[in-house]
Amino acid sequence: QITTLINHKDKPKRSDKTLQAIQRVGQAVNLAVGRFVTVGEAIANENHELKEEMSVACIEARRAGETIAQLTDVASLDHPESDSHITIFTDKTGVVKAARLLLSSVTKVLVLADRIVIKQIITSRNKVLATMEQLEKVSSFQEFVQIFSQFGNEMVEFAHLTGDRQNDLKDEKKKARMAASRAVLEKCTMMLLTASKTCLRHPDCESARINKDGVFHRMRLALEQVIEIVTDSRPNGENEMAPISIYSGIKEFKNKVEGLRENLYFLSKENLSTMLEVILEHTEDFTDSAYTSHEHREHILELSKQAKMELEQLVSVWMQAQNQKTKDLMEDLELAILKTCQCMNELKREVHSAATSLAADLLKYHTDHMVLKALKITGVEGNLEAVAEYTCKLSEQKEQLVEMCRLLRHVSGTEPLEITCVHAEDTFQVTGPEIISAAETLALHPSSKIAKENLEVFCEAWESQLSDMSMLLREINDVFEGRRGEKRVYLSLPRPGKHNANLKVLKPVKLDTEEQAKIAKLGLELHLLTSDVDSETEKWEDQENEIVQHGQGMSSMAYSMYLFTRGEGLLKTTQDLFNQAEIFATEGTKLASALHAFSDQVHDDGKPLLQLEAEKLISMCKQLQITAKASVQGKSATFTKVDACILKTRNVMTLLCQLLPLCCKLLRKNKAGNGCLKPAPPWREDRRQTGTNAHTPERRAETFGIKSLENHVTNMTFLESK
């Protein structure tokens, strides 16, 4: 609006329509500033330490808005008595000054509001830490129950605040780190409960104390990392230096090599040699690993040797080309560049194969959780010797999984996935010893129900991380093969209201094996449809198109619902599925709006069909929303609702498979010059930012942490009150 005012052209003749338009814009700016400032003033009243600064910024913004309104009050210019009235036409610099003041003061309000948000998170963290200190010192169950109830509510508040912040972060690495820290806090909350109870019941047990101390230490580290991300700081001013992965190293190396086509002098041969040396040093993580197969090891060594030779040849031709740019030398250089890049691609493919095949084998081998089951049995029997034997086996398993995570990090393909691999490595590294101390405690007190429950909780955390690794492996393979990339992980659920004090939620329900078998065929049909939709969206030249983005989002959500039918993925309970179905239906309604806007621009025989299909989509999405929101009770009714949600989602996806090619065809007709669209269609300019932001990977973890944390607190409070 402000840009429109400043850039308007001064014309000798001003029509009434122009004058009225300018006045409307000025009034709209002033009204918008007024609403904005009202919120700023409310924030100032709630935060006295920044009240003065915020109030000054709000006053400046309001004054600037009023000045713009006055200068654009030009509707009465035709009257003689208004000749002395200063307006945008007589004082354009006044509008420019007011606009600058407005943007400056609005920015100041936003910065101050951001400082307040950061302070709220720090204050919430400090509350949690203070209550944790109290929990560590309690000596009676009654006191523990009271303090833990307070701790649970504080953790839920912290989860909401950090979830909002995670959603606002622009840096993908920070988002991934925040998601990892919040996942640790969520899982550790339950561990802290059972470990503390075990310690209270068996105060003289050393292994129980070690177990409890480990959980408290881990939670403090996670809380500290959240604050580091929020405040963008590191302890003692140190910089975060993440080790480079083989993938990122190869990518950078290839960019430099290919850059020689444009400029022969922009880097030295020593730089290229050093970059290759660093990459080959990292391949030693594979060749030195006891878990890399002999075949993979040999191939990696051969390709490393070949890469050195290709670089030597490249450098030789490159140096000659710097001295004389003959046609033959430039052709030789191009060939050397292609051969070097091809060799690096083969090396990348080989390390990817080595890492993912190892991961697939390990995850398959450990899927039965035999060691964990044996630890539970021998612990209840009080068989210390057998427990010691199985703890050794668990330690071996831990080393295998840690090595797997390290190798997967090298081939993950994106920085957020690298961070997820590091988080998984830390989880296995820490959870292994915690399971061992919990098993030792149970073996020493085999009749203790609390010690048994404690071991169960730690084993569940291990099993959960193994399940997450299967999902992570699929993500890494998708990125490598160029399918979907990170878009598959759009598993957002509706975010609960802020500061929700009502923690009474329905008990989450999972599908049993028989129900999964019944719904498997429907799930498979849904999976095939997501592949079809993905194929259709890939045909569009403009991947930022609003229709494409909504289609990709719906496909990603449908895929998560398919994973649910297999008992996999991040949708763990039926309530998660119903929430996802609601979001899916909402996304479908947004797509229908985009289709209607598009159809308004269409002048082609396909227009009636497009409008008809868009109306059908709205109707189907409304039906799905009604089904997802319907209240049911009992196992049979819940399964019927699950079946209906999956079925209606499948029907929507079937319609989507018909709509996407139709829209694509109409767009192509327009580009071919057949004139089926008006020029400059507004539906393409009016891309909603919220639509694209919703498709980020970090929102997948947003509600899971809060929802399950609220469930923990509710169940704990109920159980303890008994």
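# Helices, salt bridges and buried spots

Me: Glu456 first: at 28% relative accessibility, what does this residue count as, buried or partly exposed?
Reply: Keep in mind that we're looking at a predicted model. A residue has to come in under 20% relative accessible area to be called buried, and over 50% to be called exposed. Glu456 sits at 28%, so the label is partly exposed.

Me: Which side chain does Glu456 meet in a salt bridge?
Reply: You want a side-chain nitrogen of Lys or Arg within 4 Å of a carboxyl oxygen. Here the N to O distance is 3.3 Å, and the partner of Glu456 is Lys376.

Me: And how many residues apart are Lys376 and Glu456?
Reply: Lys376 belongs to helix H12, residues 370-381. Glu456 belongs to helix H15, residues 449-481. The pair therefore links distant parts of the chain, and the separation is 80 residues.

Me: Okay, zooming out, how many helices and strands are there in the protein?
Reply: The chain runs to 722 residues, and 49% of them count as buried. Among contacts between residues at least 6 apart in sequence, 79% join residues at least 24 apart. As for the tally, the protein has 23 helices and zero strands.

Me: What's the accessible surface of the protein, and what share belongs to carbon and sulfur atoms?
Reply: The accessible surface of the protein comes to about 35500 Å². Carbon and sulfur atoms hold a share of that surface, namely 52%.

Me: How many salt bridges does the count come to?
Reply: Side chains of opposite charge can pair when their charged atoms come close. Some of these pairs link up into a network, as Glu206, Arg209 and Asp213 do. Across the model, the count of salt bridges comes to 26.

Me: Take the pair Glu434 and Arg218: which parts does it tie together?
Reply: Glu434 forms a salt bridge with Arg218, and their closest N and O atoms are 3.8 Å apart. The two residues are 216 apart in sequence, so the pair ties together helix H14 (residues 415-444), home of Glu434, and, on the Arg218 side, helix H7 (residues 206-231).

Me: Is Glu434 buried or exposed, and what about Arg218?
Reply: The cut-off for buried is under 20% relative accessible area. Glu434 is at 5%, so that end passes. Arg218 is at 11%, so that end passes too. For Glu434 the verdict is buried, and for Arg218 it's also buried.

Me: Now Arg650: which residue does it form a salt bridge with?
Reply: The closest N and O atoms of this pair are 2.7 Å apart. Arg650 is in helix H20 (residues 635-671), and its partner lies 125 residues away in helix H16 (residues 513-538). Arg650 is partly exposed at 22%, and the partner counts as partly exposed at 24%. The name you're after is Glu525.

Me: Which residues is Asp643 in contact with, leaving aside neighbours within four places in sequence?
Reply: Asp643 has its place in helix H20 and counts as partly exposed at 31% relative accessibility. Its C-alpha atom is 9.7 Å from that of Thr565, 78 residues apart along the chain. The contacts are with Ile519 and Leu522.

Me: Ala581 has what relative accessible area?
Reply: Ala581 is found in helix H18, residues 574-599. Beyond residues up to four places away in sequence, Ala581 touches Met561, Leu624, Ala628 and Cys645. Ala581 and Cys621 are 40 residues apart along the chain, with C-alpha atoms separated by 9.5 Å. Ala581 is buried, and the value is 0%.

Me: How far apart in space are Thr189 and Phe151, C-alpha to C-alpha?
Reply: Thr189 lies in helix H6, residues 172-201. Thr189 is buried, with a relative accessible area of 0%. Phe151 is 38 residues apart from Thr189 in sequence, and the C-alpha to C-alpha distance is 9.4 Å.

Me: Which residues form the negative surface patch?
Reply: One member, Glu284, lies in helix H9, residues 269-287. To join a patch, a residue needs over 30% relative accessible area, and Glu284 has 41%, which makes it partly exposed. The patch is formed by Glu277, Glu281, Glu284, Asp285 and Asp288.

Me: Last one: what is phi of His369 near?
Reply: Most residues other than glycine have a negative phi. His369 has its place in the loop between helix H11 (327-365) and H12. Its phi is a positive value, near 55°.

Note on methods
Residues numbered from 1 in each chain as written. Predicted model: local features only at pLDDT ≥ 70, side-chain atom pairs only at ≥ 80, totals over all residues. Heavy atoms only, no water. Patch = residues over 30% accessible without salt bridge, like charges linked within 9 Å, V, L, I, M, F, W, Y side chains within 5 Å. Areas by Shrake-Rupley, 256 points an atom, 1.4 Å probe, with all protein chains shown as cover. Lys, Arg positive; Asp, Glu negative; His and termini not counted. Charge placed at Lys NZ, Arg CZ, Asp CG, Glu CD. Helix = DSSP H or I, 4+ residues; strand = E, 2+ residues; numbered from the N terminus. Buried < 20%, exposed > 50% of the residue type's maximum accessible area, 1.4 Å probe, protein only. Contact = heavy atoms within 4.5 Å.
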